[in-house]
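Biologist: Could you take me through one part of this model slowly, and then set it beside a few other places in the chain?

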Amino acid sequence: MVPKIRRGSRTHGLLVYLYGPGKRDEHVDPHLVGSWDGFAPDPGRDTSPDPDPKVTLARLAAALDLRVKQAGTGAPPEHVWHCSVRTDPGDRTLTDAEWNTVANRLVRAVNLAPEGDPDGCRWVAVRHADDHIHILATMVRGDLRRPRMNYDFKKAQGECRRIEREMGLRQLKPGDGTGAKTPTSAERFKAERTGHTDTARETLRDTVRRALAGVDDEKEFFTRLRDAGLRVKVRTAPSGDLLGYNVALPGDRNRHGEPIWYPGSKLAPDLSLPKIRLRLADGPGERTTTPSDSDRPDWSAPARARRSATGITEHAAALLDSEDDQEAAAQLVGAGELLDALAQASPSATRAELAAAARAFERATRSHIRAEHSETRALRSAARGIVQAGGALGRGEDGGTTAMLLSTLVLLTLAAAHWHSAHSHAQQAHAAHQAAQHLRTAYHHAATTPLRALNAQGRALPEAERRTHQATIRTALSEAGLKAEHSAAHADALAATLAQAEKAGHDPKALLQQAIDIRELDTAENVNDVLVWRLRHLAHLPARAAEPSQARRTGATARPATPTATTHTTVQPPRRPPRR
């Protein structure tokens, strides 16, 4: 149940709209379901011998404005309080009596008409559709004083959450005021009329976020906006200093033919120029790759960028378990940029799901916990690396490293959901879970081909070697408290990966234990999948299944390993500067 509150100064004009046909003839059977005394005249259900809706509507407007006129200059300039309340599309249809209860509870909750107060403000509730009502109140009390209406939106939201529980309606997640501004009804109607799925506001928000992903400075940011096809208008002070910016979609104009501009702060709270400057203050840092990555000319730039991002993402997930909330909040901001970067540099098979994941996770990047932006440098550098690498991704190493990174991002978003839940951020936790679902779908698209090849390679191993690796896997999983049935799928791919790691000079048992210890596996949808990519990342193995000849070459040139130690190099994020 969603309340939307506005204020105005025209009681009669609002009533004309509520009882009229609507902008698209969507108003059906407009009538009162409640009023301040239960006896207000109803233009929609006038039972007098010679009813005239216009006359009745004028009487209703005069009754509502009576105290406003009596107060004279003491009345507020915008004396009309207008609240529309809408149920979820999946909810049952409420009766008029139930909507009357909803209206009464809301005007009491916001202090317009406290229970038992004979001087409460006058109000009516009009219903002209199955799924919502409009509450109109005039904000002058019977004693001609103004009602105390502090935090009316927050109070209305809280009362709606209680009504949802008591009436068995869909329970929305309570917000904390950090969400992005939702599109207006007019914006949604315009999108439908022009055949667009998203409103201009939503399209601009996504485009601006992608332009910001891994950007180095303001100049590059504005260049990316223009390259994305947006119209950009900057606001400057008399001194020439930049104060802000506005963006518009080409062809999106108002009735006067003028572009419809949106300031960054109206797209999302963290897209205002001052907030962007805070994020850019420390720069994105230098993109890092391990020596083993840089020594592989057979890996493309997109593959190397994704491998680097995988290690940084693992580190960010670990930081979400730390006790430093500002540092953890910074990892969420950086993770949002990484998802935005990946969404714009992904193949067509995963692009839609990654874009949906980035849009969902956007809500999880903001809360009242202030992010320490210097802590985002590692993830921002990973995002910059992915954007700069660009290029078309194929089915080989590039596609495999995409699966590797997505597997890690799933765990990061689940860790984000857990962190938000622990801080009672219901909307953000829900958004992180939604992002994880989209990422899982994208992962399945990206991982199908490389895992199929790895499974085939595992089945082709000599029987004795295959059994040895399977025994190693069973023992390690058992010691970690993971049940065998939870890890049955892709066991051959895991055995093949251990065989390749051993030929590359690694101790399979030690390497597998290190992969298990990186982070918990309880939230993993498939344990073997996660371990395959962790092992291939730790051992710097190709993300695709190597051909037999290639595997032999890899083993022949590998550095020797001691029997008791695992030789590996992990991707480390850039060193963080000291706090200032």
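Among contacts in the protein chain between residues at least 6 apart in sequence, what percentage join residues at least 24 apart? And, for the close look, at roughly what angle do the axes of helix α18 and helix α20 cross?

Modeller: Happy to. This is a predicted model, so local features need pLDDT of at least 70 and side-chain atom pairs count only at pLDDT 80 or more, while totals for chains, interfaces and linings use all residues. Residues are numbered from 1 along each chain as its sequence is written, and side-chain values use heavy atoms, with hydrogens and water left out.

Your first number is 74%, where contact means heavy atoms within 4.5 Å. The chain holds 21 helices and eight strands; these are DSSP runs numbered from the N terminus, helices being H or I of at least four residues and strands E of at least two. Of its 580 residues, 52% count as buried (under 20% relative accessible area, with exposed over 50% and partly exposed in between, using a 1.4 Å probe and protein chains only).

Now the helix pair. The axes of α18 (residues 491-503) and α20 (residues 527-538) come within 9 Å and cross at roughly 15 degrees. Axes here are lines fitted to C-alpha atoms, for helices over the stretch in contact, with angles from 0 to 180 degrees between N-to-C directions. The two helices are therefore roughly parallel (under 35 degrees; over 145 is roughly antiparallel, 65 to 115 roughly perpendicular and the rest oblique). Their crossing is left-handed, that is, the near helix is turned anticlockwise from the far one by less than a right angle. From α18, the contact uses Ala491, Ala493, Leu494, Thr497, Leu498 and Gln500, and from α20 it uses Asn528, Leu531, Val532, Leu535 and Arg536. Sorted by type, these residues are seven nonpolar, three polar and one charged (Ala, Val, Leu, Ile, Met, Phe, Trp, Tyr, Cys and Pro count as nonpolar, Asp, Glu, Lys and Arg as charged, and the others, Gly among them, as polar).

Val532 of α20 is a good place to zoom in. Val532 has 0% relative accessibility and so counts as buried. Setting aside residues up to four places away in sequence, Val532 touches Ala493, Leu494 and Thr497, along with Leu451 and Leu454. The C-alpha atom of Val532 is also 9.4 Å from that of Leu512, 20 residues apart along the chain.

For a strand residue to set beside it, try Thr138 in β5, which is buried because its relative accessibility is 1%. Beyond four places in sequence, its contacts include Thr11, Leu64, Asp65 and Val68. A polar atom of the Thr138 side chain lies 2.7 Å from the backbone oxygen of Leu64. Thr138 and Arg67, 71 residues apart in sequence, have C-alpha atoms 8.2 Å apart.

Loops are worth a visit too. Thr178 sits between α4 (152-167) and α5 (185-193), and its 9% relative accessibility makes it buried. Its side chain makes a polar contact of 3.1 Å with the side chain of Arg363 (a pair of N or O atoms within 3.5 Å; within protein, one able to donate a hydrogen and the other to accept it, with residues adjacent in sequence counted only if both atoms are side-chain atoms).
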